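Q: Could you take a close look at one part of this model for me, the place where two helices pack against each other? I would also like to see how that part connects to the rest of the chain.

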Amino acid sequence: MRIVRYILSTLVLVWALGFLWFTIALPRPADATSADAVIVPTGGAGRIAQGLAVLDAGLAPKMLVSGVDPEVTSEEFAAEFEVEEALMDCCITLGFVAVDTRGNAAETADWVERNGVQSLRLVTTDWHMRRAAGELDRTLPSSVTVIRDAVPSQPSLASLFLEYHKLIASRVAGMFGF
């Protein structure tokens with residue numbers, strides 16, 4: 001019985017320290033490193049704007065927006081984010097397949113292979129970065145470099161709590177090949 005209490009106490013301590021680290025050490029924006037492409041999973045405020053800023057700054061020549069609602073047209077996207085038609089035509093791909101973070105990784109891996117991308121900037125919200133990057137790391141070939149470009153946010157404690165547990169579940173699933 002004593003050993004069970006010790007193990008449970010240790011697990012609670014590890015969980016608490018992990019959550020503390022997760023909340024106070026959120027990923028930061030990347031420096032001005034260039035890449036072959038920028039990848040933006042939908043779902044959080046500021047992600048698409050940051051991806052477009054990466055394009056505007058010349059840090060990547062093309063962008064995939066993964067997980068776009070199938071009902072959204074290119075014209076609606078362009079109007080919503082004030083993107084010129086020429087930029088939409090040459091440089092922005094809307095991905096309609098993904099419905100979650102794992103799906104974003106699969107959609108990205110397919111697009112990366114089709115486009116010969118060897119380096120990419122992953123633009124997602126700071127609290128989502130670790131899980132999104134982890135899914136990409138499991139899905140992309142090891143030869144593809146991923147630059148983590150976090151969008152700063154003001155997440156609620158509830159959002160951080162939920163995302164921390166999703167990160168744990170994602171890592172456990174990855175360890176067992178799920």
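A: Happy to. In this predicted model, helix α1 (residues 2–24) and helix α7 (residues 157–175) pack at an angle of about 115°, and their axes are 10 Å apart. The crossing of α1 past α7 is right-handed. On the α1 side, the contact is made by Val14, Trp15, Gly18, Phe19, Phe22 and Thr23. From α7 come Leu157, Leu160, Phe161, Glu163, Tyr164, His165, Leu167 and Ile168. By class, the residues of this contact divide into ten nonpolar, three polar and one charged.

To place the pair in the chain, it helps to step back for a moment. The chain has seven helices and five strands, and along the sequence they follow the pattern α-β-α-β-α-α-β-α-β-α-β-α. The C-alpha atoms fill a box of roughly 70 × 35 × 30 Å along the principal axes. Of the 178 residues, 42% count as buried. Among contacts between residues at least 6 apart in sequence, 80% join residues at least 24 apart.

Now follow α7 away from the helix pair, to the largest pocket. About 160 Å³ of space lies in this pocket. Its lining is made of Thr42, Gly43, Arg47, Thr101, Asn104, Trp127, His128, Arg131, Ser159, Leu162, Glu163 and Lys166. The largest share, four residues, comes from α7, and α5 and α7 each supply at least two residues of the lining. Glu163 links the two places: this residue takes part in the contact with α1 and also lines the largest pocket. By class, the pocket lining has two nonpolar, six polar and four charged residues.

From the pocket, α5 leads on to an enclosed space. The count comes to one cavity of 30 Å³ or more, and the largest cavity has a volume of about 40 Å³. Lining this cavity are Pro41, Thr101, Asn104, Ala105, Thr108, Leu122, Ala132, Glu135 and Leu136. Thr101 and Asn104 appear in the cavity lining and in the pocket lining as well. Helices α5 (101–115) and α6 each supply at least two residues of the cavity lining, with the largest share, four residues, coming from α5. Sorted by class, the cavity lining has five nonpolar, three polar and one charged residue.

One cavity-lining residue that rewards a closer look is Thr108, which is found in α5. Thr108 counts as buried because its relative accessibility is 2%, under the 20% cut-off. Leaving aside residues up to four places away in sequence, Thr108 touches Ile39, Leu64, Ser66, Leu120 and Leu136. Of these partners, Leu136 is itself listed in the lining of the cavity.

Helix α6 (residues 129–139) holds Ala133. Ala133 is buried, since its relative accessible area is 0%. With residues up to four places away in sequence not counted, Ala133 touches Leu122 and Arg148. Leu122 is eleven residues from Ala133 along the chain, and the C-alpha atoms of the two are separated by 7.5 Å. Leu122 is also one of the residues that line the largest cavity.

Strand β4 (residues 119–125) is where you will find Ser119. Ser119 is buried because its relative accessible area is 14%, again under 20%. Its contacts, not counting residues up to four places away in sequence, are with Ala35, Asp36, Ala37, Val144 and Thr145.

For a contrast in exposure, turn to Glu82, in the loop between α3 (74–81) and α4 (85–91). Glu82 counts as exposed because its relative accessible area is 72%, over the 50% cut-off. Glu82 also has a positive phi of about 55°, although it is not a glycine.

To return to your part, then: α7 packs with α1 at an angle of about 115° and supplies four residues to the lining of the largest pocket. Glu163 of α7 belongs to the contact with α1 and to that lining. Beyond the pocket, Thr101 and Asn104 lead to the largest cavity, whose lining includes both of them.

Key:
Residues are numbered from 1 along each chain as its sequence is written. This is a predicted model: local features need pLDDT of at least 70, side-chain atom pairs count only at pLDDT 80 or more; totals for chains, interfaces and linings use all residues. Side-chain values use heavy atoms; hydrogens and water are left out. Buried means under 20% relative accessible area, exposed over 50%, partly exposed in between (1.4 Å probe, protein chains only). Contact means heavy atoms within 4.5 Å. On a 1 Å grid over the protein atoms alone, a cavity is a set of points where a 1.4 Å probe fits but cannot get out, and a pocket is an open set with protein on both sides within 12 Å along at least five of seven lines; lining residues have an atom within 4 Å of a point. Grid points are joined across faces, edges and corners, and a volume is the space filled by probe spheres set on the points. Ala, Val, Leu, Ile, Met, Phe, Trp, Tyr, Cys and Pro count as nonpolar, Asp, Glu, Lys and Arg as charged, and the others, Gly among them, as polar. Axes are lines fitted to C-alpha atoms, for helices over the stretch in contact, and angles run from 0 to 180 degrees between N-to-C directions. A crossing is left-handed if the near helix is turned anticlockwise from the far one by less than a right angle, and right-handed if clockwise.
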